[in-house]
Amino acid sequence: MSLKDRTEATAKNIEGKVQEAVGDLTGDPKAQAEGKEKQAEAKVRHTIEDVKDEVKKIID
């Protein structure tokens with residue numbers, strides 16, 4: 001598990017949530033979509049890290 005990668009993914013998720021919320025408040029569908037996209041990217045990054053952790057457990 002890379003703490004750095006998990007931290008970056010969490011930061012990306014937070015950034016996406018903020019951007020989506022700003023889009024909601026301003027009625028900007030582009031900002032909403034970009035925020036959701038960033039959150040999806042963060043979810044994928046977390047999943048990759050989870051898979052890495054499971055593989056490491058199997059190998060060790």
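What radius of gyration does the protein chain have, and what would a compact globule of 60 residues have? The protein chain has 14 Å, whereas a compact globule of 60 residues would have a value near 10 Å. The model shown in these views is predicted.

**Figure 1. The whole chain consists of 2 helices and 0 strands.** Along the principal axes, the C-alpha atoms of the protein chain fill a box of roughly 50 × 15 × 10 Å. Helix α1 covers residues 3-26, and helix α2 covers residues 29-59. Of the contacts between residues at least 6 apart in sequence, 53% join residues at least 24 apart. Buried residues account for 23% of the 60 residues.

**Figure 2. The surface and charges of the protein chain.** About 4,400 Å² of the protein chain is exposed, and 61% of this area comes from carbon and sulfur atoms. There are 12 positive and 14 negative side chains, with the centres of the two sets 1 Å apart. Side chains of opposite charge can pair when their charged atoms come close. The structure holds 10 salt bridges, and the next three views show some of them.

**Figure 3. Lys 4 and Glu 8 form a salt bridge within helix α1.** The closest N and O atoms of Lys 4 and Glu 8 are 3.9 Å apart. The two residues are separated by about one helical turn because they are 4 residues apart in helix α1. Lys 4 is exposed, at 57% relative accessibility. Glu 8 is partly exposed, at 37%.

**Figure 4. Asp 5 and Lys 52 form a salt bridge between the two helices.** The N to O distance between these side chains is 3.8 Å. Asp 5 belongs to helix α1 and Lys 52 to helix α2, so the salt bridge ties together parts that are 47 residues apart in sequence. Asp 5 has a relative accessible area of 27% and is partly exposed. Lys 52 is also partly exposed, with a relative accessibility of 43%.

**Figure 5. Lys 36 and Glu 20 form another salt bridge between the helices.** Their side chains meet with an N to O distance of 4.0 Å. Lys 36 is in helix α2 and Glu 20 is in helix α1, so this pair ties together parts 16 residues apart in sequence. Glu 20 counts as buried because its relative accessible area is 18%, and buried means under 20%. Elsewhere in the structure, salt bridges with shared partners join Asp 5, Glu 49 and Lys 52 into one network.

**Figure 6. Gln 19 is a buried residue of helix α1.** Its relative accessible area is 18%. Leaving out residues up to four places away in sequence, Gln 19 touches Ala 31, Glu 34, Gly 35 and Lys 38.

**Figure 7. Gly 23 is a buried residue of helix α1.** The relative accessibility of Gly 23 is 0%. Apart from neighbours within four places in sequence, Gly 23 is in contact with Asp 28, Ala 31 and Gln 32. Between Gly 23 and Ala 33, the C-alpha to C-alpha distance is 8.3 Å, and these residues are 10 residues apart in sequence. Ala 31 is among the residues in contact with Gly 23, and Ala 31 is also one of those that Gln 19 touches.

Notes. Residues are numbered from 1 along each chain as its sequence is written. This is a predicted model: local features need pLDDT of at least 70, side-chain atom pairs count only at pLDDT 80 or more; totals for chains, interfaces and linings use all residues. Side-chain values use heavy atoms; hydrogens and water are left out. Buried means under 20% relative accessible area, exposed over 50%, partly exposed in between (1.4 Å probe, protein chains only). The radius of gyration is taken over C-alpha atoms; the globule rule is 2.2 Å times the number of residues to the power 0.38. Contact means heavy atoms within 4.5 Å. Accessible areas come from the Shrake-Rupley method with a 1.4 Å probe; for residues, only the protein chains shown count as cover. Lys and Arg count as positive and Asp and Glu as negative; His and the chain ends are not counted. The place of a charge is taken as NZ of Lys, CZ of Arg, CG of Asp or CD of Glu.
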